[in-house]
Amino acid sequence: MVKTNLEAKIPMMLSTRSRLFLIAAVLTVVEAELPGTSSTNEINQTPKRRSTFVGGTLYPQASETRDLKRLDGIWKFRKSPTDPEYGQRNGWYEQDLEKTGPVIDMPVPSSYNDVGEDPSLRDHVGLVWYDRRFYVPHWWKTAGQRVWLRFSSVHYAALVYVNGQAATYHEVGHLPFEVEITDMVSYNTSNLLTVVVDNTLLSDTVPQGNIKDIFVGNSKIRQEQTYTFDFFNYAGIHRSVFLYSTPQTYIDDVIVNTDIQGLTGFVVYNITYKGTPRAQCFVQLYDKLGNQVTAANECAGLLEIGNANFWWPYLMHPEPGYLYTLKTSLIGSLGETIDTYSLKVGIRTVTWTNTSIYLNDKPIYLRGFGMHEDSDLRGKGWDPVLWVKNFNLIKWTGGNAFRTSHYPYAEEIYQLADEHGIMIIDECPSVDTDIFTDSLLEKHKQSLTELIRRDKNHASVIMWSIANEPRSANIRADAYFQKVVKHVKSMDLSRPVTIAIAQSHIADRSGQHLDVISFNRYNGWYSNTGSLLNIAANVADEATAFNIRYNKPIIMMEYGADTIAGLHLLPEYVWSEEYQVSLMSEHFKAFDRLRQAGFFVGEFIWNFADFKTAQTITRVGGNKKGIFTRSRQPKASAHHLRERYLALAAADTNSPPPESPYYVSDHLPFKHEEL
C-alpha cells in the first residue's frame, strides 16, 4: 500500500477524534490528500486535487435542462453503539440498515433528538446512521445527465455512502454540500443512500465544545458533550436532501452585484460553467410580471435597467422586496440550449460610514431580532409552516431585520426574506470562540467561505457576522480576527463585517478590524438582576464608549430577560411578563437617546421566540427570553415591542404614528348636564 501523509496522522486522530473523522480517513487512506493548511479533521477525498470549497453553491432547481427530486421523508435510523467503529466494521453501509439490526423511523428534515421518547437518543453524543433507497430516472442516463446529491445541512459532520461506496465527507453543520454520483448509481434498480452523522464538538470545530468519557467501573458507557453556548446542540439531517441532474456541461455558479445611479439600476454578473464543450452565455432579466427588460450575450457583463424598481426593506417603501429574475443560459455551437439556471435579484446598494449604514443611499435603522432555528418536535429541522409564520410575526411587530444567530439558516429562509424585504445579518457558526489556534482559524475561514458563496446573491443579506460573543479579550484574538476579516473582505467588499461582542469596550481586541460594532449586554438580568434603575444610563454610556473607542456605527445586538408566559407579578419581578416589559422600556429610553446621537443604527431584542437549551438549573425547559413562546404565541412583550417598532418605522419614514389596534377612548371628557 502506498502511504500518504494522512496515514501518518491516524494515531493522532485516534487521540483527538476517534469517530467519524477516523472512519473517513481509513476509508480514503490511499487516495486522500491532506491539505497543508487543514487540521486533522478536514479530509480531501479527491486524489491529487485540492478543493477549498465542497459546498453546493447554487440552490437546486428544475429547469428546461435540469431535473430535481427531493429525498425528504421517512428514513431508517439507528444510534451507534459506544464503539464508533462498530457500524463500519460490520458493514452497515453495505446493505439496508434494517438488515443488520433494529431501526426506527426518522423524518428528514428534522433533528433526531426530540422525535422519540428515549432520553438516551435526545442526549446522544457520537455517531448515528441514516439510510433510505432512491431511484434515478432512466432518462437521465439516456440524456447523458450528470447526477448530483446535495445535502442542505447535516450537523455536525457527515460521511455519505451511495451503494456501499464512500461518496463524500463534510464538516461544519448548517451549510450545504454536494457530490456528483453519476458513476455510483444504478438506473435499473433502487440505490442505497447511507449517511453517518457525528454531532461531537471539539476545540477545533465550529462551534467549539469538549467531550468527556463516562465510565461505570471500568466500562465506558457513553460520552458527554459540554459547550458554553446557550442553545441545544440539535443534530441530524436538518434540511432537505436533493437528487438532481445537470447536463454534462453545466452552469456551476452565478455571481451578482448591483448598483444604482439615480433611477437607473445596474446588475453586474459573472457566470462560470464546467464541462468539455465551449459555450456562449445568454442572459435575460425579467421584471416581477415576467416581462423581459434587458438581455446580454456574454458570460460576464453589466445590465442596465432604466427606471428600475429597487429592493427596499419592509415599511421603508410601498413595495418592499421587489425582485427581478435573472435567467442564465449556456448556448452551444449550433444555437442549442445546453443548460439554464434562474435566480432572483434585488437591485440595491449597501454602503456605510463611521456613523451610518445606508441602503440605496438612504440611512437605515434596524428594528430587529435575535432568532434561532428551533421549534417543538423538529428541533432545528427546516419547516416551511414555521417560517412562514415567523415572517408573518416579524412583519406584525413592525420589524425589518434579524440576525441568523448563531449559524447560517436554511436557504429557503433567505428566499423568504428577499421576498418580504426583511434584512439579514448573516452569521457563521462560530460561537464563544476561544483558544484561537491555527486549525480553528482554517475551519472558521472555511465556514465563511461556504457561507458567503451560498448567500452572496441575496438582497436581504446586508452584513456578515463572523462570530458571536468570542473571548475577544484574549491577546490572540487581535491577529485571529484580523485574518478572519481579511478573508471575508477577499470574497466580498459589498457588505460590512461585524461581531456580536460580549467583552467590554476596554477589554475587546476585535473591534478595530470591523466595520460595525455590535454588542450584547444583559443589564437588569445577568447583571444587577431585578434592578431597573440604571439600565438606560448603562446602555447609553456603553454604546457611546464603544463609539468613542472605535469611531464606527453601533448596534445593540442582544438585550432581554427570561419570562414565563402567564406569570404576572406586580410590582414587576424577575421571570414575570411585567418585568420583561419594564426591562424593555428602560432599554427603549436609552435607544431613543442614542438614535439622536448620530452613530446608533439598530436594536435587536433577544429573543424572537423561546428556544431549547442544554439542561441547567437556570433554564426552565430552555431559554425563555422570547417575546413569543416556542409555539409562537405572544407574551405581553410582543405587543409592547410592536408598538415601538411600528412607531419607529413611522418616524423614520415621516409617516403618522400607527393607531392602536384596539379602541380605548375618544379622549374627550364626559358630558353631564345639571337638572
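A cavity, in the sense used here, is a set of grid points where a 1.4 Å probe fits but cannot get out. With that in mind, let us walk through this structure, which is a predicted model.

Three cavities of 30 Å³ or more are found in the structure. The largest of them has a volume of about 60 Å³. Which residues line the largest cavity? Three histidines take part, His 155, His 174 and His 406, along with the prolines Pro 207 and Pro 429. A run in the sequence also contributes, made up of Phe 231, Phe 232, Asn 233 and Tyr 234. Lys 380, Tyr 407 and Val 431 complete the lining. By character, seven of the lining residues are nonpolar, four are polar and one is charged. Lysine counts as charged, so Lys 380 is the charged member of this lining.

Next, let us turn to a sheet. Four strands make up an open sheet, and their order across it is E1-E14-E5-E9, with antiparallel pairing. Where does the sheet end on each side? Its edge strands are E1, covering 67–70, and E9, covering 177–180, and each of these pairs on one side only. Going from one strand to the next, the twist averages 20°.

It is worth pausing at the E1 side of the sheet. Here E1 pairs with strand E14, residues 241–246, in the antiparallel sense and over four bridges. If you would like a place to find this pairing in the 3D view, look for Leu 68, which stands opposite Tyr 244 in E14.

Our last stop is a link between two cysteines. How many disulfides does the structure hold? There is one, and it joins Cys 281 to Cys 299, with the sulfur atoms 2.0 Å apart. The link is right-handed, with 85° about the S-S bond. It connects distant parts of the chain, as the two cysteines are 18 residues apart. Cys 281 belongs to strand E17, residues 280–286, while Cys 299 sits in the loop between strand E18 (292–296) and strand E19 (300–305).

Are these two cysteines buried or exposed? Cys 281 has 2% relative accessibility, and therefore counts as buried, because buried means under 20%. Cys 299, at 22% relative accessibility, counts as partly exposed. Another cysteine, Cys 428, has 0% relative accessibility, so Cys 428 counts as buried too.

Terms used
Residues numbered from 1 in each chain as written. Predicted model: local features only at pLDDT ≥ 70, side-chain atom pairs only at ≥ 80, totals over all residues. Heavy atoms only, no water. 1 Å grid on protein atoms, 1.4 Å probe; cavity = no way out; pocket = protein on both sides within 12 Å on 5 of 7 lines; lining within 4 Å. Points joined across faces, edges and corners; volume = space filled by probe spheres on them. Pairing = 2+ DSSP bridges. Axes fitted to C-alpha atoms, helices over the stretch in contact; angles between N-to-C directions. Disulfide = S-S within 2.5 Å. Buried < 20%, exposed > 50% of the residue type's maximum accessible area, 1.4 Å probe, protein only.
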